[in-house]
Amino acid sequence: MKCVSCGAELAEGSLLCPQCGRVVEVADVARQKAAAGQLTKQDFFKLPGMKACRSNIISCAVVLYICGALTILAAVLLQDMFVTSVLDGILLLALGLWLHLGKSRICALVTLAYGILNMVMAVISSGQLQGWWIALAGAWAVAYTFQFHKMWNKYRKEGVVPKDAVEK
């Protein structure tokens, strides 16, 4: 990799240019990797402009982790519909993990559909609105996973990192 300022060759992982002292920015590394066709999906996800997508996708996954853990805890403590509740909790934890690690649009859509189904079933069985956190997390995850994949696909198609992905 080369310094954007002076053109000096930089060692892998350098934080400063040894010639001019310029700070090596994530955006510079991304542009050079993109130009060489070496930018991975994970590198793209870490770009400064992807912070909103990154933080919102991770937040949705955390909501699913919490809902899954609370569902399993309630099943253990209340012993009510134990097997079904534990399976429900495990499913929520798995969806959270899939969303967190995979940034999957399919996972986001499944989470949204599952959340809506869960909410409707709760209203029918108890007459109370419950489980809306899962549907909300699913809707939020749909918005941000689709935004991330739209920008990633634009990069893959054009070979140039979109300006929105690089800038904060």
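**Entry 1: the whole chain**

I started with burial: 35% of the 168 residues of the chain count as buried. Buried means under 20% relative accessible area, exposed means over 50%, and partly exposed is in between, with a 1.4 Å probe and protein chains only. I noted that this is a predicted model, where local features need pLDDT of at least 70 and side-chain atom pairs count only at pLDDT 80 or more, while totals for chains, interfaces and linings use all residues. Residues are numbered from 1 along each chain as its sequence is written, and side-chain values use heavy atoms, with hydrogens and water left out.

Next I looked up the helices and strands: the chain has seven helices and zero strands. Both are DSSP runs numbered from the N terminus (helices are H or I, at least four residues; strands are E, at least two). Along the sequence I read the pattern α-α-α-α-α-α-α. The chain is more spread out than a compact globule, because its radius of gyration is 21 Å, well over the 15 Å that the globule rule gives for 168 residues. That radius is taken over C-alpha atoms, and the rule is 2.2 Å times the number of residues to the power 0.38. Along its principal axes, the C-alpha trace spans about 70 × 30 × 20 Å.

I also checked contacts, which means heavy atoms within 4.5 Å. Among those between residues at least 6 apart in sequence, 54% join residues at least 24 apart.

**Entry 2: H149 and K157**

Both of my next picks sit in helix α6: H149 is there, in the run of residues 132–158, and K157 is there too. Are they buried or exposed? H149 counts as buried, because its relative accessibility is 6%. K157 is exposed, with a relative accessible area of 76%.

What does H149 touch? Leaving aside neighbours within four places in sequence, I found K41, K103, S104 and R105 in contact with H149. The H149 side chain reaches the backbone oxygen of K103 at 2.7 Å.

For K157, I looked up a distance to V29, which is 128 residues away along the chain. Their C-alpha atoms are separated by 20 Å.

**Entry 3: E9**

Where is E9? I found E9 in the segment before α1, which covers 26–35. Not counting residues up to four places away in sequence, E9 touches M1 and K2. I then tried E9 against Y144, 135 residues apart along the chain, and their C-alpha atoms are separated by 37 Å.

Definitions and conventions
A polar contact is a pair of N or O atoms within 3.5 Å; within protein, one must be able to donate a hydrogen and the other to accept it, and residues adjacent in sequence count only if both atoms are side-chain atoms.
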